[in-house]
Every structure is written in C-alpha cells, then in structure tokens.
Amino acid sequence: ELAEIASLIDGAANSQASQREAGRSLSEQMAERCDSLAGSVESARDLAELKGQVASQLGQIRESLNQYQRAEADSETLTDQLAQLASRVQQMEHEAEENRESLRRHQHKALHDPLTQLPNREAYDERLAHEVKRWERYGHPLTLAVCDVDHFKRINDQFGHQAGDRVLKVISKAIRRRLREVDFFGRYGGEEFVVLLSGTDAGGAQTFAERLRKAVQTWVSDMERLSVTVSIGVSTRKPEGETSIHSLFDRADQALYRAKAQGRNRVAMELTCHTGEAPCVQAGLS
C-alpha cells in the first residue's frame with residue numbers, strides 16, 4: 001500500500017510537471033500560429049491562397065488544443081486516483097489508530113493483574129530493572145517492601161475464594177491510596193504485594209511501611225466477620241555486595257519471614273552485619 005501511495009504521488013508530481021509543460025507549449029504554439037497567420041494574411045496574393053494558409057494554421061491550432069485536452073484528461077484521471085488515495089490513507093490512519101488502541105489494551109492486560117488491576121510480576125521485573133539503573137547512575141536510595149496477607153489460606157477456607165478476592169482488592173486500594181506517584185505498587189503473586197520506593201532510605205521506608213500496615217488494618221476492620229492484617233519485610237539497595245538485581249527482593253522476603261515468625265501484623269527490616277555492609281543470614285526461618 002505504501003509503494004502504491006509513493007507511485008501515485010510520483011505520478012502526481014510528474015503529471016503536474018507535464019501539465020505545466022503542456023500549458024507552456026500551448027501558449028507558445030498559439031503565439032507562433034497567430035504570428036504565422038498574420039504573416040500569411042500579409043503575404044497572400046489572392047483569396048484562394050489566403051484560404052489555404054488560414055485552413056492550415058487552424059488545423060495546427062486545433063491539433064495543439066487536442067494535445068492540451070488529452071493532457072488535461074490525464075490530469076483528471078490522476079486527480080480521481082489521488083482522491084481515492086486520500087480516502088485510503090484516511091482509512092489506513094483509522095486502522096492504525098485501532099491497532100494502537102488494541103496494542104495498548106494487550107500491553108495493559110499483559111502487565112496487569114486481572115483481579116486487582118495492579119501491575120503484575122512481569123511489570124515489577126521491568127520497573128525493578130529500570131530503578132536499579134537509576135540507582136547505579138544517580139545513587140538515590142532504593143527500597144523495597146514486600147507485603148503478605150496474614151493467614152490468607154484460612155480466609156479462603158473459612159469464607160470462600162470470593163471473600164479472599166475481596167480482601168485482595170480492599171488491601172490493594174488501602175495501599176495504593178497512600179503511595180506517591182513515583183512509587184511502584186504491584187501484585188507479586190497470590191496474596192503477596194511489592195512496593196518500590198525510589199528515593200526513600202531504610203528509615204523512611206520503615207515509617208512508611210508502618211503506615212501501610214495500619215492502613216490495611218483500618219480498612220478491613222469493617223468487613224463482616226473478617227479481621228485482616230499484613231506483614232511487611234523491607235530491604236534497601238546496597239552500594240556494595242549486591243549479587244543481582246533480585247537480591248533486593250530476596251532480602252525483603254527474608255525480612256518478611258521474620259515478621260511472620262515474630263507474630264505477624266508487623267514490619268521487619270532486613271538484618272545487617274555489624275559492619276552494616278551486607279545482609280546476615282538467619283537460619284531456621286522459612
């Protein structure tokens with residue numbers, strides 16, 4: 001289709017050039033024929049000779065006009081083709097817009113959880129890679145909070161999966177309302193959520209995570225027969241000792257296990273060695 005458009009546009013340009021040349025040629029021929037006719041009138045010795053010369057000149061004028069009319073006819077045909085082309089281009093633009101909208105919907109579906117409409121794990125992986133690059137370039141603090149619903153299996157078993165789905169939706173709303181525009185909040189899987197806090201250090205993240213924990217407890221307290229809480233593990237990107245971009249999640253996940261082991265409904269920060277440079281491994285927490 002693009003090749004056809006290019007061909008027609010080239011044809012239009014050539015036709016315009018030909019049309020201009022035809023008009024210039026007709027003008028020159030008309031001037032030449034008129035001069036020749038005037039000369040014939042002056043030089044004719046009798047009426048018969050004048051008649052013959054005039055007839056010859058008129059025939060040439062008529063042929064010049066015919067050539068110009070044929071050029072005009074070709075131009076009209078091309079004009080019709082260009083009108084059809086404009087209609088087709090408009091249709092192509094409409095189809096392209098539909099394709100862009102369809103692609104946008106598919107991208108949203110591929111990167112969002114259908115239940116909570118939060119970004120999913122794939123979206124989290126993309127955002128984490130982006131934030132780590134920003135951290136490596138600018139050195140701004142980067143903190144991750146991993147949130148897990150306490151006793152979620154018990155909620156599903158006692159009240160059904162619809163109640164469990166409702167809990168996840170309520171929790172997602174409770175957390176999302178308290179985030180900044182620059183923060184990332186997504187559903188990592190099951191009853192687990194992740195929050196990426198760009199530009200927030202460990203101290204600020206702990207305070208922030210406590211607010212999230214209390215917000216969830218407040219929001220779900222009005223749900224019938226349900227008392228829902230979350231446990232949160234927090235880790236901060238280290239300037240040294242990071243083995244991969246996923247080590248940030250691993251340390252936050254270890255902190256989450258400690259929060260669970262310590263009674264749930266609490267925030268736990270990652271453990272660090274005495275030097276404060278690398279996370280310690282605490283055995284027996286799974």
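Visitor: How many bridges join strand β1 to strand β3?
Guide: This is a predicted model. Strand β1 covers residues 142-149 and β3 covers residues 192-198. The two run antiparallel. One pairing puts L144 opposite its bridge partner L196 in β3. The bridges joining β1 to β3 number 7.

Visitor: Which strand pairs with β1 in the antiparallel sense over 7 bridges, with V230 as the partner of V149?
Guide: Look at V149 and its bridge partner V230. V230 lies in β4. β1 pairs over 7 bridges, in the antiparallel sense, with β4.

Visitor: Do β4 and β5 run parallel or antiparallel?
Guide: Strands of a sheet pair through backbone hydrogen bonds, in either sense. Here 3 bridges join β4 to β5. I232 stands opposite V267 in β5. The direction of β4 and β5 is parallel.

Visitor: What is the order of the strands in the open sheet?
Guide: The sheet has 5 strands, with mixed pairing. Its edge strands are β2 (184-189) and β5 (267-269), each pairing on one side only. Neighbouring strands are turned by 20 degrees against each other on average, direction ignored. The order is β2-β3-β1-β4-β5.

Visitor: Which helix touches β1, β2, β3, β4 and β5?
Guide: Helix α3 (residues 121-138) lies across β1, β2 and β3, at about 20 degrees to β3. Another helix, residues 247-261, packs on the sheet and touches β1, β2, β3, β4 and β5. Its direction makes about 145 degrees with that of β4. That helix is α7.

Visitor: How many residues of β4 are buried?
Guide: Buried means under 20% relative accessible area. V230, I232, V234 and T236 point one way from β4, and all are buried. S231, G233 and S235 point the other way, and they are buried too. The count for β4 is 7 of its 7 residues.

Visitor: How many residues does the largest nonpolar core have?
Guide: V149, V167, I171, I175, F193, V195 and I232 have the most contacts inside this core. The elements giving it two or more residues are β1, α4 (152-159), α5 (161-176), β3, α6 (202-220) and β4. A second, separate core of 16 residues includes A123, V132, V146 and L248. The largest nonpolar core has 27 residues.

Visitor: Which residue touches A145, V146, C147, A209, L212 and R213?
Guide: The residue sought also touches L256, A259, R266, V267 and A268, not counting residues up to four places away in sequence. It stands opposite V267 in β5. It is buried and points from β4 the way V230, V234 and T236 do. The residue is I232.

Visitor: How much space lies in the largest cavity?
Guide: A search of the whole structure finds 1 cavity of 30 Å³ or more. E131, R134, W135, H140, P141, L142, S198 and G199 line the largest cavity. Helix α3 gives the most to this lining, with 3 residues. The space in the largest cavity is about 50 Å³.

Visitor: What percentage of the residues of the chain count as buried?
Guide: The chain has 7 helices and 5 strands. Along the sequence they follow the pattern α-α-α-β-α-α-β-β-α-β-α-β. Among contacts with a separation of 6 or more, residues 24 or more positions apart account for 67%. Of the 286 residues of the chain, the buried portion is 35%.

Notes:
Residues are numbered from 1 along each chain as its sequence is written. This is a predicted model: local features need pLDDT of at least 70, side-chain atom pairs count only at pLDDT 80 or more; totals for chains, interfaces and linings use all residues. Side-chain values use heavy atoms; hydrogens and water are left out. Two strands pair if DSSP finds at least two bridges between them. Helices (H or I, at least four residues) and strands (E, at least two) are DSSP runs, numbered from the N terminus. Axes are lines fitted to C-alpha atoms, for helices over the stretch in contact, and angles run from 0 to 180 degrees between N-to-C directions. Contact means heavy atoms within 4.5 Å. Buried means under 20% relative accessible area, exposed over 50%, partly exposed in between (1.4 Å probe, protein chains only). A nonpolar core is a set of buried Ala, Val, Leu, Ile, Met, Phe, Trp, Tyr and Cys residues joined through side-chain atoms within 4.5 Å. On a 1 Å grid over the protein atoms alone, a cavity is a set of points where a 1.4 Å probe fits but cannot get out, and a pocket is an open set with protein on both sides within 12 Å along at least five of seven lines; lining residues have an atom within 4 Å of a point. Grid points are joined across faces, edges and corners, and a volume is the space filled by probe spheres set on the points.
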